[in-house]
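Subject: Structure handover

Hello,

Here is the structure for your files. My notes on it follow below.

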Amino acid sequence: MIPFFVFFLLLQNSFFVHAILDPIDFLALQAIRKGLDDLPGSNYFASWDFTSEPCNFAGVYCDGDKVIALNLGDPRAGSPGLTGNLDPSIGKLSALAEFTVVPGRITGALPESFSQLKNLRFVGVSRNFLSGDIPASLGLLRELQTLDLSFNQLTGSIPWAIGALPALSNIILCHNHLSGSIPPFVSQRLTRLDLKHNSLSGTLLPNSLPSSLQYLSLSWNQLTGPVDYQLSRLNQLNYLDLSLNRFTGCIPGILFTFPLTNLQLQRNLFSGPVLPISQVTIPTVDISFNRFFGEISPLLSNVENLYLNNNRFTGQVPAVLVERLLSAGIQVLYLQHNFLTGIEINPRVEIPVSSSLCLQYNCMIPPVETACPLKSGKQKSRPTNQCVEWKGQKSEKTNNNITMA
């Protein structure tokens with residue numbers, strides 16, 4: 001299928017006449033072809049016969065005598081893809097606006113010569129074996145909108161020059177070996193930022209994430225520090241995953257009002273009370289394995305999958321959560337490994353088959369027998385001395401606050 005923007009460019013040129021390809025582009029395509037081969041089972045390069053017109057090659061799209069898009073490899077699902085290296089001659093395709101490679105076994109570095117492609121808007125080379133650093137010179141591509149280098153073996157840091165690109169709308173660098181800090185991103189068109197499964201570290205700068213973001217995934221890194229200020233500005237988010245980092249501090253109550261379909265904050269060092277400012281309608285909320293404390297808010301009762309386990313919540317389980325669970329409005333309610341002291345539920349009640357409840361290891365004897373995850377352990381209740389000790393710590397904090405006031 002011809003990419004939409006390529007079709008648009010061709011349509012704009014109403015006097016488009018087939019022309020012989022520019023010799024520089026011709027030679028660049030030859031060099032690119034020499035660096036690549038079909039993997040067994042792929043027949044992509046069968047049409048690349050340089051005794052015929054290259055603009056008719058599979059994956060090559062031209063406007064006049066210039067190549068404007070190069071989609072290397074058979075795009076059909078299950079295609080084996082290509083092997084080899086990306087030749088630096090790609091930088092000679094001066095009109096190139098789109099460059100993609102299907103998943104395969106492309107190795108080596110991303111050529112520095114990409115920086116010469118001033119019209120480049122889309123780069124997609126995911127699920128290959130690219131290695132080395134991301135060239136800082138990509139920061140010269142002022143028209144670049146999408147950069148997808150996910151599922152490779154890239155190392156080094158994310159160049160700050162990339163964060164300064166003004167037209168970026170999608171940056172997908174997940175599943176690599178990137179390290180260092182996350183640069184600030186200035187583009188107010190940026191809607192997707194996916195950096196999960198790397199080795200990124202450090203804190204997020206106050207204004208490093210634009211308010212235009214709709215999808216943000218930073219999970220499986222080593223990021224630290226508070227993020228409450230940054231998150232409170234991202235009111236267009238529909239997906240947020242900060243799990244498996246070392247973030248600290250509280251989470252802003254306003255976060256629960258954003259149009260999120262999925263909120264993943266598990267396995268961090270977040271702390272403080274969880275205080276939504278209105279009824280939460282996010283389908284899945286996972287804030288497990290943190291240090292949140294205080295009572296559970298009844299405003300979480302409309303969440304379908306609610307993971308509050310392995311925190312420091314205290315008090316009674318709100319009755320409205322029990323009602324929603326028994327009416328199958330809540331499908332998952334994990335409360336294990338907290339300091340909860342009670343739940344009003346009939347021991348003989350039948351919990352819907354479609355719903356899961358776990359109450360293990362709290363400061364109470366669970367009134368109902370339910371199936372819990374194996375990792376919850378076998379102990380039904382938390383040892384009394386832990387509950388007394390935690391209650392004492394709470395009282396001490398309260399007294400200190402009163403004294404300071």
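Strand β20 (residues 269–272) has two unlike faces: F270 and G272 make up the covered one, while L269 and S271 make up the uncovered one. This comes from a predicted model, so please read everything below in that light.

β20 has a neighbour on either hand. Strand β18 (residues 246–249) runs parallel to β20 and is joined to it by 2 bridges. T248 has L269 of β20 as its bridge partner. Strand β22 (residues 291–295) also pairs with β20 in the parallel sense, again over 2 bridges. There, G272 stands opposite F292 of β22. L269 thus appears twice in these notes, on the uncovered face of β20 and as the partner of T248; G272 belongs to the covered face and faces F292.

These strands are part of an open sheet of 8 strands, paired in parallel, in the order β12-β14-β16-β18-β20-β22-β24-β26. At the edges stand β12 (179–180) and β26 (339–342); each has a single partner strand, so one side of each is left without a neighbour in the sheet. As background, strands of a sheet pair through backbone hydrogen bonds, in either a parallel or an antiparallel sense. The partner of β12 is strand β14 (residues 199–202), to which β12 is joined in parallel by 2 bridges. In that pair, S179 stands opposite S199 of β14.

Next, the salt bridges. The structure holds 6 of them. In general, side chains of opposite charge can pair when their charged atoms come close.

- R76 and D74 form a salt bridge, with their closest N and O atoms 2.7 Å apart. R76 is exposed, at a relative accessible area of 62%, whereas D74 is buried, at 16%.
- K196 and D194 meet through their side chains in a salt bridge of 2.7 Å, N to O. Both of these residues are buried.
- K380 and E369 form a salt bridge in which the closest N and O atoms are 3.3 Å apart. Both lie in the loop between β27 (356–358) and α6 (384–404), so the pair ties together parts that are 11 residues apart in sequence. K380 counts as partly exposed, at 39% relative accessibility, and E369 as exposed, at 67%.
- D22, D25 and K66 are linked in a network of salt bridges.

K380 and E369 turn up again at the cavity. How many cavities of 30 Å³ or more are there? The count comes to 1, and the volume of the largest cavity is about 60 Å³. Its lining consists of L359, Q360, P366, V368, E369, T370, C372 and K380. Sorted by class, that lining has 4 nonpolar, 2 polar and 2 charged residues. E369 and K380, the two partners of the 3.3 Å salt bridge, are thus among the residues lining the cavity.

Last, the record. An unreviewed UniProt entry carries the annotation "domain: Leucine-rich repeat-containing N-terminal plant-type" for residues 25–63. In the model, that span is 26% helix and 18% strand, and its end C-alpha atoms lie 12 Å apart. D25, where the annotated span begins, is one of the residues in the salt-bridge network with D22 and K66.

Regards

How values were computed: Residues numbered from 1 in each chain as written. Predicted model: local features only at pLDDT ≥ 70, side-chain atom pairs only at ≥ 80, totals over all residues. Heavy atoms only, no water. UniProt positions renumbered as here; feature names shortened; annotations may be inferred. Helix = DSSP H or I, 4+ residues; strand = E, 2+ residues; numbered from the N terminus. 1 Å grid on protein atoms, 1.4 Å probe; cavity = no way out; pocket = protein on both sides within 12 Å on 5 of 7 lines; lining within 4 Å. Points joined across faces, edges and corners; volume = space filled by probe spheres on them. Nonpolar A, V, L, I, M, F, W, Y, C, P; charged D, E, K, R; others polar. Pairing = 2+ DSSP bridges. Salt bridge = Lys/Arg side-chain N within 4 Å of Asp/Glu carboxyl O. Buried < 20%, exposed > 50% of the residue type's maximum accessible area, 1.4 Å probe, protein only.
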